[in-house]
Amino acid sequence: MCAAKWSKRGFRGDREHSSRTGIARPNNVETNFYHAYASINQKLAQGGKIRYGEDEASVLPRAPRPLRIPRIGLYTGSGTSHSWLWFVELFDRMLFHDIVFLNEDMVKDGALKNLDVFAMSGGDTIRIAEGLDTKGAAELEAFIRKGGLYVASCAGAYLPLKSSKQYLDRFNFVDIKIANLSKTRPEIKRLASKATTAYGCDYVYHAVREDVLLRLTGRSPFTGVSTFLAPLYGGPSMITDNTSEVLAYYAGFTDKTQFLVNESLAQKTLIGRVAAAKTGMGDGNLYLFGPHFEHPHFPMANHLVATAIFWDMKKDRENREISEDEIILEGAAKDKLVRDIKREISNARIVSVGLEAVPIQWSIGCKIYEPEKIRVFLEAIWKRIDNLERLRRIRLQNKADEQLVDCACKVKRILRELKARIDDCLETQDIASDLFDSLRRLTMGFLQIYFNSFRCNI
Amino acid sequence: MDYLSSNKILIVDLETGQISEDDLDDELVGRKIGGVGITSSLYQTHKDKEPIVLGTGLLTGTMFPASALGVVSAKSPRTGNLAHAPFTLKAGMELKYTGFDYVVILGRSPKPVFLWLHDGVADIQDASDLWGADVWATTDSIRRAMGDDLIQTLAIGPAGESGSDLAQVCINYWASGDCWGFGKLFGEKNLKAVALRGMGLLEISEPEDFVDQCFDVFDKIKGGAFAGRRGIEDILSEMGEKDASEWLAPFIHRHSACYNTPYSTNTFVYLNEDSKTLTEPVEPEPGFLINDPCALLAFKRAGFSAQNACRVLKACSKYGIDPAAVAELCEKSGQKDTEKIEQSFSDLKGPVAIPDGGKFSSWSPAQPLFSDFGVSDRSAYLAWWTRRQAVAYLFGIHPIFVNMSPELSEELMIEMFNKGTGLELSQESLDTVIDDVCS
Amino acid sequence: MRIDVDALKCIGCMACEMACGYHRDDAFALLSSCIVVYRAREKKDYFGVVIKEEESLTIARPEGLEIKRIGVAEEPDPAGQKKEADASAKPMLLREPCDLCNGMKYGPMCVKICPVDAISLVEEGE
């Protein structure tokens, strides 16, 4: 039976198909990065041996050591926005399939011990720090000191910078200062709600949004290119000292750059400042990116993320066995689970599409959420359901299937309630918070099954 | 079937609650084309279980002009024979994108239900709370419960629930081309509604050629015979009621078209709001969308004022009863009191005329509109109209618009079918299928 | 250049929406189009067209055209509170902004397909 067909553009990141829309498109060479990393990961998954810089791994710098599949933890806990889905997109396209989705409790319970890499994207840095708390900070520090790699952008990049602010003061891992910090609130031209955030007695301000031009310093492993683009959505402009290596500077703006403050202040805040840095800590490393290098529109930046992962992932880790608590679903049981998920996601998605232009927004923590964001989570699931349907087997934690379907039902219920309240001009702030939390859990639960299942179908 | 299709035939047994799917084979498409060619075939296959078959044409929901048609095929309570009712507005298109090309509904549910088709998923949902509700309340309730205002419904009202032969399956809040009493069949199956929403995608075999051809035909149509005409009143005028525009004018709010249909076959009248109002009215139900020209014409010819005709049309759609049949019975009885007419709905019985043209709905006027199609002799209208309707119902074209646009030739539709699907349909095969569905 | 819509001429047929969807998906689908027929007020016959552009949202209502700059703060309301444009910084987030069908031989497909010439291409600022 032919699989159902759905819009190819469920996600704005899926743009490599088209060359007609006038928006900067990856060219073939850039798109080939995905194939290159996918080939490496596929060969490794099949038990093949590859060395850095050789054969299939020629996209990576040369090194006299064999590659292995990295086990990557992706933080999806409290305070995260939707941008961790960009990492998911990158991992999926490059066939990094040994992925573990982690919330704050899992980090605090020691889940980092089993990882090579821990990735963190955007969100509300203070809420992330609050969620991880002292225990999470200690776990993260121990993970890095024992050789782990921390790859982070935007809020994830702010997290380990020196700070005396409550919660953040537990993460003072690197001696890098924030350049986009001011004693007074700068005059804002647009997007006032996104342009500044109170930071103790100071303000973190975001001079521009969207595409910025970056210049690499040529330091290993980021070699071979000089300039590239990446999008900035509130990430830091950094000032490093000699304990960190500068990997890239902010070098310019593009016709897609949106200025939130006047251009001269933007220039002063960003140009010539550090956009990407690498800092060693114990046996491990931190890669901190101001812009979202993981954003799916930017293959060159994605390539650098993948390079960093392979280059500085933890050097020695024992392979994990399938936990006793995991089960495999096949045949009718698998079909039923996929059908149940599909039903509920479709129901939720139908409501979310109807909400996409509704003029409403919610303030959750210090972040603003619009109804459009709902669809971002649901599309991340929807576009992968057919792939899951095609797999012969699904691997999941015991009872994860029931929890996932229950969570999907909950999301559907809240969305329908939200729509009814909007129609009736009633307050929705209280359920919006619950909705986004449930959406995050749902997406995390689904994607965990998705990635696990790929590994059991090789 | 890879192109212009979701490749799925859904089979729902309301009695057992079982839902299954079949592929839409290229072989079946090659033999029966689509639309009523395939709904008729599925009807025959499942005849023993009193099937109601929903379907679309292969061109439905595409960029081909007037590709708005969905169809309900079943045994008509009014004729005892297989008949086909068109549903247009946005419902035909919506069915196409639900992920199902055809839906076969079998058996009788033990309790009231509605069928919810969405993104390739079919759910039988409890409709106990909806039983007894009129069509408008039913659509409102389903949309609210499911959280989306764009859900399209094929719904029945009290007429269908009570087993009236005049019961109509309505579209959302409005009339449909069901002049066959299919509303009664829904009621007998305890099926209150079919709700449709889908966000699927249709691949095209030769996309550039297909779209080029669509633009070519759009260009020709734009300068065609109906240029400058609009709305239901100009259709009435073309049908001989030269003063129709003047008659309806005070109440006309706006004209609108069914999916991708270049002529606005629908006219919205404001009955309790100033019809010149442009801003969103406060009144939640200010008027009515007239989409049945023959019913409106019948009320006009029976001597109704425009306002009263529209009020009765609105009441018919709420009750879920065929407005053309009501108009005919009103003309016979001489009743013009709108309240009394509405009160009589529950006891309203025939006989009403059985539509001409065999299996196709008399909702589409049995004559060329705005263009003579080379058929100058009125005695030839019925044969011409029957073939024209068969073509529309096979490919998925609006059955009223097809009478306006000679540009939409059989030759063109065959060409579009071939470009769209990658199959090879010939005029001979089309002739065979037309003979088959008309017999 | 930008797309202009006369909502009073519009008959809500959705041909523009499907044509735009084709431009985005190379197939027939509606979910990616940047021009959308607003039809959620069916019982009131209140319909219009919304277009997502790079920097603005064009809302063509029967009573007139409104162009909202995406993310630009509006004047203070009488209560003294500032609002974001359309209260939404990223309207229709997952839909690409209008590119006037850049690269398509037909020009803007919504303009070409509209049966009642409700959609036209005009100079910026007109």
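Two strands are said to pair if DSSP finds at least two bridges between them, and this criterion is needed for the first part of the structure to be described, which belongs to a predicted model. In chain A, four bridges join E7(A) to E8(A), so these strands meet the requirement of at least two bridges, and the two run antiparallel.

The same criterion can be followed into the rest of this sheet. Strand E8 of chain A, residues 202-205, is also joined to E6(A), here by two bridges, and again the strands run antiparallel. Three strands thus appear in the order E6-E8-E7 (chain A), and they form an open sheet with antiparallel pairing. Strand E6 (181-182) and strand E7 (196-199) of chain A stand at the edges, and because each has a single partner strand, one side of each is left without a neighbour in the sheet. Individual residues can be used to find these pairings in the model: Ser182(A) stands opposite Tyr203(A) in E8(A), while Thr196(A) has Tyr205(A), also in E8(A), as its bridge partner. Between E7(A) and E8(A) there are two residues, and the strands form a hairpin in whose turn Gly200(A) has a positive phi of about 65°. In a regular strand the side chains alternate between the two faces of the sheet.

From this sheet the view can widen to chain A as a whole, whose secondary structure comes to twelve helices and 19 strands. Its radius of gyration is 21 Å, close to the 23 Å that the globule rule gives for 458 residues, and chain A is therefore as compact as a globular protein of that length. Along the principal axes, the C-alpha trace of chain A spans about 60 × 60 × 50 Å. Of the 458 residues in chain A, 63% are buried, and among its contacts between residues at least 6 apart in sequence, 76% join residues at least 24 apart. The accessible surface of chain A comes to about 17,300 Å², with 47% of it belonging to carbon and sulfur atoms. Chain A carries 66 positive and 57 negative side chains, and the centres of these two sets lie 3 Å apart.

One residue of chain A can be followed more closely. Ser438(A) is found in helix H12, which covers residues 429-455 of chain A. Why does Ser438(A) count as buried? Its relative accessibility is 3%, and buried means under 20% relative accessible area. Once residues up to four places away in sequence are set aside, Ser438(A) touches Cys407(A), Lys410(A), Val411(A) and Ile414(A). Ser438(A) and Ala408(A) are 30 residues apart along the chain, yet their C-alpha atoms are separated by 8.3 Å.

Chain B can be read in a similar order, beginning with its 16 helices and 14 strands. The radius of gyration of chain B is 20 Å, close to the 22 Å that the globule rule gives for 439 residues, so chain B is as compact as a globular protein of that length. Taken along the principal axes, the box filled by the C-alpha atoms of chain B is roughly 55 × 50 × 45 Å. Buried residues make up 67% of the 439 residues in this chain, and residues 24 or more positions apart account for 68% of the contacts in chain B with a separation of 6 or more. Its accessible surface comes to about 13,900 Å², of which carbon and sulfur atoms contribute 45%. There are 38 positive and 63 negative side chains in chain B, and the centres of the two sets lie 6 Å apart.

Within chain B, Ser405(B) lies in the loop between helix H14 (381-395) and helix H15 (410-421). Is Ser405(B) buried or exposed? Ser405(B) is buried, because its relative accessible area is 0% and the term applies under 20%. Leaving aside neighbours within four places in sequence, Ser405(B) is in contact with Ile221(B), Phe373(B) and Arg388(B).

Chain C offers another hairpin to look at. Here five bridges join strand E2 (residues 35-41) to strand E3 (residues 46-52), and these strands of chain C run antiparallel. Arg41(C) stands opposite Tyr46(C) in E3(C). The hairpin of E2(C) and E3(C) has four residues between the strands, and in this hairpin Asp45(C) takes a positive phi near 55°.

Notes:
Residues numbered from 1 in each chain as written. Chains lettered and ligands numbered in written order. Predicted model: local features only at pLDDT ≥ 70, side-chain atom pairs only at ≥ 80, totals over all residues. Heavy atoms only, no water. Buried < 20%, exposed > 50% of the residue type's maximum accessible area, 1.4 Å probe, protein only. Contact = heavy atoms within 4.5 Å. Rg over C-alpha atoms; globule rule 2.2 N^0.38 Å. Areas by Shrake-Rupley, 256 points an atom, 1.4 Å probe, with all protein chains shown as cover. Lys, Arg positive; Asp, Glu negative; His and termini not counted. Charge placed at Lys NZ, Arg CZ, Asp CG, Glu CD.
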